[in-house]
Each structure stands twice: as structure tokens, then as C-alpha cells.
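I opened this one to jot down what I could look up strand by strand. Rough notes, kept in the order I went through them.

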Amino acid sequence: QVHLVESGGGLVQTGESLRLSCAASGRDFSNFILGWYRQPPGKDREIVATVNWNNGRTYYAKSVKDRFTLSRDINQNTVDLQMDNLKPEDTALYFCNVAPLIRGTADTYWGQGTQVTVSS
């Protein structure tokens, strides 16, 4: 069974930083994409950032592209999201996500979520 353990959420003020971590276990993650999604209060879930496990290529949502940095540790099976210059609009429940590189070849997995709250 795949298990995702999330950590690092909290309450901060505008302009401060947080670092989210996701530890994945239970299978070989070759040919998967790992990353983070978020769901603001009353809104739909949206992508934040992802990384191709094979080659390290990253994708960022426009809203976070200049402020957040995603990194992976292949040996430890972890993916971290460094969030700098946080804004109130970053307030959301953040979910670690593991998805197959090619849709339909494997299951998609989600963490339970970690809360990030940014006060103004």
C-alpha cells in the first residue's frame, strides 16, 4: 500500500515562509509525477507544483512560479515545497499527490492534507 506522510503546514504572516514535506512509501515511483495541490476555502482543488520523478523537470502554477520551489530526493522518496513570500491567497489545504506519468498505467494517490494559513 502506498502511504504519503505530509508535514510542515502552519499559520504565518504575509511575507513569511514555510516548507512542506511529503514522504512517500510503498512502491517504486519510477514513471510517476509527484507534487502538491491545494484547495482554498470554498474553492476547487488546484495544482501548485509537480516534479517528474525520472528527470526532475518541474511545473509551477503561475500564481506561485516566482515564490515556490519544488525539490525531490530520489533516495529518500521525499518531495519538498519551499514556499517563500507567502500571501493570504496561498491559504489552503495542501495535498501531496502521486500520479502515473502515463494516465491509466497505475493508481493516483493523495495525502490527507496539511493546512497552510497566511494572515494579512
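These entries go through a sheet, a run of paired strands, a pocket and a few single residues.

**Entry 1: what I'm looking at**

I'm working from a predicted model, so I note that before anything else.

**Entry 2: the four-stranded sheet**

I started with the sheet order. It is an open sheet of four strands, ordered 1-3-8-7, and the pairing is antiparallel. Strand 1 (3-7) and strand 7 sit at the edges, each pairing on one side only. I also looked up the angle: neighbouring strands in this sheet are turned by 15° against each other on average, with direction ignored.

Next I went pair by pair. Strand 3 (residues 18-25) and strand 8 (residues 78-83) are antiparallel and joined by six bridges. Which residue of strand 8 is the bridge partner of Ala23? I found Thr78 there.

On to strand 7 (residues 68-73), which runs antiparallel to strand 8, again with six bridges between the two. Asp73 stands opposite Thr78, so I have Thr78 in my notes for both Ala23 and Asp73. Further along, Ser71 has Asp80 of strand 8 as its bridge partner.

The hairpin of strand 7 and strand 8 has four residues between the strands, and Asn77 there takes a positive phi near 55°.

**Entry 3: strands 4, 5 and 6**

Strand 4 and strand 5 run antiparallel and six bridges join them. I picked Trp36 as a marker, and its bridge partner in strand 5 is Ala49. Six residues lie between the strands of this hairpin, where Gly42 has a positive phi near 75°.

Strand 5 also pairs with strand 6 (residues 58-60), antiparallel and over three bridges. Here Thr50 has Tyr59 in strand 6 as its bridge partner. The hairpin of strand 5 and strand 6 has five residues between the strands, and Gly56 takes a positive phi near 80°.

How many of the seven residues of strand 5 are buried? I got five, so strand 5 is largely enclosed by the rest of the structure.

**Entry 4: the largest pocket**

I pulled up the largest pocket next, and its volume comes to about 180 Å³. Its lining is made of Ile33, Tyr37, Ile47, Thr50, Asn97, Ala99, Pro100, Leu101, Arg103 and Thr108. Thr50 is thus a name I had already noted, as the partner of Tyr59.

Which strand gives the most to this lining? I noted strand 9, with three residues. Strand 4 (32-39), strand 5 (46-52) and strand 9 (92-100) each supply at least two residues. By class I have six nonpolar, three polar and one charged residues in the lining.

**Entry 5: Val118**

Val118 is in strand 11 (residues 114-119). Is Val118 buried or exposed? Its relative accessibility is 5%, and the cut-off for buried is under 20%, so Val118 counts as buried.

I then checked what surrounds Val118. Leaving out residues up to four places away in sequence, Val118 touches Val12, Gln13, Thr14, Leu86, Lys87, Pro88, Asp90 and Thr91. I also took a C-alpha to C-alpha distance from Val118 to Leu11: 5.9 Å in space, with their positions 107 residues apart in sequence.

**Entry 6: positive phi in the loops**

Most residues other than glycine have a negative phi, so I went after exceptions in the loops.

Asn31 is one, with phi near 65°. Asn31 is placed in the loop between strand 3 and strand 4. Its relative accessibility is 46%, so I have Asn31 down as partly exposed.

Asn85 is another, with a positive phi of about 50° although it is not a glycine. This residue belongs to the loop between strand 8 and strand 9. The relative accessible area of Asn85 is 41%, and it is partly exposed as well.

Back to the hairpins for a last look: Asn77, between strand 7 and strand 8, has a positive phi too. In the other two hairpins I noted, the positive phi belongs to Gly42 and to Gly56.

Methods. Residues numbered from 1 in each chain as written. Predicted model: local features only at pLDDT ≥ 70, side-chain atom pairs only at ≥ 80, totals over all residues. Heavy atoms only, no water. Pairing = 2+ DSSP bridges. Axes fitted to C-alpha atoms, helices over the stretch in contact; angles between N-to-C directions. 1 Å grid on protein atoms, 1.4 Å probe; cavity = no way out; pocket = protein on both sides within 12 Å on 5 of 7 lines; lining within 4 Å. Points joined across faces, edges and corners; volume = space filled by probe spheres on them. Nonpolar A, V, L, I, M, F, W, Y, C, P; charged D, E, K, R; others polar. Buried < 20%, exposed > 50% of the residue type's maximum accessible area, 1.4 Å probe, protein only. Contact = heavy atoms within 4.5 Å.
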